[in-house]
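Here is a short tour to go with the model on your screen. Take a look first, and then read on.

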Amino acid sequence: MRNIIAFPLLGLAVILQSAIISQVKLISGYADLPLLMLAAWALQERVKSAWHWAALVCVMIGFISSMPWPVVTIGYLAVIFVAQTLQKRVWQAPLLAMFSVIFIGTLFIHLLSFVVLRVLGTPFAFADVIGLITLPSLLLNMLFSIPVYSLMRDLARWVYPLEEHE
Amino acid sequence: MNSRSLQTTIIFLVVGGILALSLGGFFGSASRQFSSILIDVQTWFSSRFIGLQDFITAPRDIVSLRTRNAELESQVSQLQAQVIELQQRVNETEILAALVDFSRSNPESTYKAAAVIGRDPSPFLHYIIINRGSNDDIRRGMPVVTNQGLVGRIDAVIADAARVQLITDPASAVNVYLQNVETSAVAFGSVTGDISLDMISQNITVESGDLILTSGLGGGFPSDLIIGQVVTIRSLEFELFQQATIQPAVDFSRLEIVLVITNFRPVDIAPLEPLPSP
């Protein structure tokens, strides 16, 4: 039942992403708060609702962004997949898993965005995208991943109390 | 007269004489020095007494001072909040005044002011979100401007909000003309948010500082909206066209309030374009 927190929390995350984080730029890139929250959430061992949260984020981002919705959907669902795969393998080093998921997820979403937008006719230069958008975004995502992970870990403990888990 | 009364009389006469001489101004410099010493001594005692009085009454005053200080700090923080709020209102008023001036100087168009409430979550795209939508008669394709120049056009609309594609978006292309040389070109956006000019004929001499306006060709934008100025020109003999970089007139990083031109309907010329031959 406490999973209902996803609606206001992810709504707030998308609003913050659109209103504030998208204006805090490093060169031309910026952090992706919904991606960070989804990755951190999916890495929590007791969390069972990561796919639902990802679907919710896809709907919200797809609604306000001009990015084609398949990019958003495939990108965020792939992040959940990578996070859950890594969570089973490197569960003893959660921060390492978080960094890995953020690294792979950011590169994958940006590569997917680049390919789809190029196919749709937007004239991008690959070197520009890597140097001006992807690497700065990756750096910012890495920087924000630790506090977001701590926040989502505490949230997971509240949503899935130990008694209920057992 | 005995000796005692004689002594008293002499003392009175001496003192009276000194007073008379003093009042007559004969002891001017001596009396000034004397009074100055007296004042210094009195000042010293007075300051020590005030210090002692402060020390004795300090505990009571500290409490009252702390209370007063807290009150003043509270007032200061309230006033600072008011100052910030008023500064914001002044900024908004200045922007709105500039926009009103712009709309008055361009009476052929009708405008709807809108606040910028967000940007596209993806760094690949240069879009803004405004707080006016179909409830305010905003329609897809309407141009968006500020008093400085062209901002973009409405890309998608919902009831109370709309998404605007900026002219800095990599997928944006605007037909323009260079005012000084009266030739057409196309302004493209880019990943970095810079605007570049392409399709400039090789026969034209473009100079830095030339003004760029919308041409109205293609029906996507009204004509004569300011885009910016030419900064640098790249002209290579083996290329078909010249290119140039533009300094945009609008500061896209600080967009707060924009105007939507509501009486402009974009023309879709796609059916008129020739189909590619097989």
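In chain A, 72% of the contacts with a separation of 6 or more are between residues 24 or more positions apart. Keep in mind that this is a predicted model. The points below go through chain A, then the domains of chain B, and then the contact of the two chains.

**Chain A: make-up and dimensions**
- Chain A has 7 helices and 0 strands, and its pattern along the sequence reads α-α-α-α-α-α-α.
- The C-alpha trace of chain A spans about 55 × 30 × 25 Å along its principal axes.
- The radius of gyration of chain A is 16 Å, which agrees with the value near 15 Å that a compact globule of 166 residues would have.
- Of the 166 residues in chain A, 42% are buried.

**Chain B: two assigned domains**
- The domain assignment splits chain B into domain 1 (30–105) and domain 2 (111–266).
- Taken over C-alpha atoms, the centres of domain 1 and domain 2 of chain B are 51 Å apart.
- Between these domains of chain B, 7 residues of domain 1 are in contact with 7 residues of domain 2.
- The side of domain 1 of chain B that touches domain 2 consists of 5 nonpolar, 1 polar and 1 charged residues.

**Where the chains meet**
- Chain A brings 24 residues to the contact and chain B brings 18 residues.
- On the side of chain B that touches chain A, the elements giving two or more residues are β1 (111–119) and β2 (127–130) of chain B.
- β1(B) gives the most to that side, with 3 residues.
- By class, the side of chain B that touches chain A has 10 nonpolar, 4 polar and 4 charged residues.

Key
Residues are numbered from 1 along each chain as its sequence is written. Chains are lettered from A and ligands numbered from 1 in the order in which they are written. This is a predicted model: local features need pLDDT of at least 70, side-chain atom pairs count only at pLDDT 80 or more; totals for chains, interfaces and linings use all residues. Helices (H or I, at least four residues) and strands (E, at least two) are DSSP runs, numbered from the N terminus. Ala, Val, Leu, Ile, Met, Phe, Trp, Tyr, Cys and Pro count as nonpolar, Asp, Glu, Lys and Arg as charged, and the others, Gly among them, as polar. Domain bounds come from an automatic or database domain assignment. The radius of gyration is taken over C-alpha atoms; the globule rule is 2.2 Å times the number of residues to the power 0.38. A residue is buried if 20 or more other C-beta atoms lie within 10 Å of its own, exposed if 12 or fewer, and partly exposed in between; C-beta atoms are placed from the backbone.
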